[in-house]
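Q: Could you take a close look at one helix of this model and walk me through how it sits among its neighbours?

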Amino acid sequence: MQSQTLKENKDFRRLYYRGESRASDCLVTYAMKRRGRGCRYGITTSKKIGNAVKRNRARRVIRAAFQQMEGRIDGSWDFVFVARGKTGEVKMQRVLHQMEKHMKALGVINECSQPSD
């Protein structure tokens, strides 16, 4: 199932205040279980990341990592991913690894679930 993107400010604020979060040097993940079907996600990058080229690269890297994780998500969730300073400078595989650790810690994916190819 294709995930949808979060666009409303109220959805982002709801996750910031009521969702659970995990942080690492490249990524901050907010997650919250929701009613309904499918997953929704949003990505934020502040001007602290750098110029528009760096912010766009950070968004592309996070989006690509999430698309690889998408098939392993159990249930319906909302996510907000916040880019950090290193996000635009590292490879997508590192962001994917950190995202996977965050999702396991939040209970979004099972430890034993294998990536789907």
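A: Happy to. A handy starting point is that the expected span of a helix is 1.5 Å times one less than its number of residues. This is a predicted model, and the helix to follow here is α3, residues 92-106. With 15 residues, α3 should span 21 Å, and because its end C-alpha atoms are 21 Å apart, the model agrees with that expectation. Just after α3 comes G107, which has a positive phi, near 80°.

Now for the side that faces inward. The buried residues of α3 are M92, V95, L96, Q98, M99, E100, H102, M103 and L106. These buried residues pack against β2 (20-23), β3 (27-33), α2 (52-69) and β5 (77-83).

Three of those partners are strands, so here is the sheet they belong to: an open one with five strands in the order β1-β4-β5-β3-β2, with mixed pairing. Since β1 (4-5) and β2 stand at its edges, each has a single partner strand, which means one side of each has no neighbour in the sheet. At the β1 edge, β1 pairs with β4 (residues 40-44) in the parallel sense, over two bridges, and T5 stands opposite Y41 in β4.

Two helices can then be placed on this sheet. Helix α1 (residues 9-18) packs on it and touches β2, β3, β4 and β5, with its direction at about 85° to that of β5. Our helix α3 also packs on the sheet, touching β2, β3 and β5, and its direction makes about 35° with that of β3.

Terms used
Residues numbered from 1 in each chain as written. Predicted model: local features only at pLDDT ≥ 70, side-chain atom pairs only at ≥ 80, totals over all residues. Heavy atoms only, no water. Helix = DSSP H or I, 4+ residues; strand = E, 2+ residues; numbered from the N terminus. Buried < 20%, exposed > 50% of the residue type's maximum accessible area, 1.4 Å probe, protein only. Contact = heavy atoms within 4.5 Å. Pairing = 2+ DSSP bridges. Axes fitted to C-alpha atoms, helices over the stretch in contact; angles between N-to-C directions.
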